[in-house]
Amino acid sequence: MAQKIITIYTDDLTGAETQDAATHSFSIDGIGYEIDLSPESYEEMLQAFGPFVNAARRRGKNKKAATRTAATHPGQDTAAIRTWAKENGYSINERGRVPADVRDAYTKAHPSKT
């Protein structure tokens with residue numbers, strides 16, 4: 001039996017389908033958020049946040065979030081996963097989070113690399 005997996009990326013703000021959606025993170029009052037946006041919606045978000053970002057003090061990157069991401073998928077090379085995904089017909093962005101279905105497919109295809 002053949003199986004075909006179709007991944008549809010949507011902009012969380014508009015609900016529109018897009019090939020260019022990327023995941024963006026931000027936090028307010030210590031609560032972290034992630035949102036998948038098209039480049040146009042991301043630009044809209046940046047313009048809305050702009051006056052507040054310009055007036056704010058910079059704290060630096062959230063080291064806890066970086067540690068959490070690294071611990072979630074230890075030893076997996078995202079560059080290798082992206083290359084494999086493109087070679088195997090998956091639509092994947094150059095940056096941002098690697099979708100779970102792509103990561104799972106890579107793991108199944110490369111059991112010794114997990």
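**Second pocket and helix α3 in a predicted model**

The second largest pocket has a lining of 15 residues, among which Tyr9, Thr23, Asp36, Arg97 and Pro99 lie nearest its centre. A pocket is here an open set of points on a 1 Å grid over the protein atoms alone, where a 1.4 Å probe fits, with protein on both sides within 12 Å along at least five of seven lines; lining residues have an atom within 4 Å of a point. The space in this pocket is about 210 Å³, taken as that filled by probe spheres set on the points. Its lining comprises seven nonpolar, five polar and three charged residues, with Tyr and Pro counted as nonpolar, Asp and Arg as charged, and Gly as polar.

The model is predicted: local features need pLDDT of at least 70, side-chain atom pairs count only at pLDDT 80 or more, and totals for chains, interfaces and linings use all residues. Residues are numbered from 1 along each chain, and side-chain values use heavy atoms, without hydrogens and water.

The protein contains four helices and two strands, as DSSP runs (helices H or I, at least four residues; strands E, at least two), in the order β-β-α-α-α-α. Of its 114 residues, 23% are buried (under 20% relative accessible area, 1.4 Å probe, protein chains only).

In helix α3 (residues 78-87), the buried residues are Ile81, Arg82, Trp84 and Ala85. These lie on the same side of α3 because they cover an arc of only 165° around the axis, based on directions from the helix axis to the C-beta atoms. The buried residues of α3 pack against α4 (100-109), contact meaning heavy atoms within 4.5 Å. Just after α3, Gly89 has a positive phi of about 85°.

How values were computed: Buried means under 20% relative accessible area, exposed over 50%, partly exposed in between (1.4 Å probe, protein chains only).
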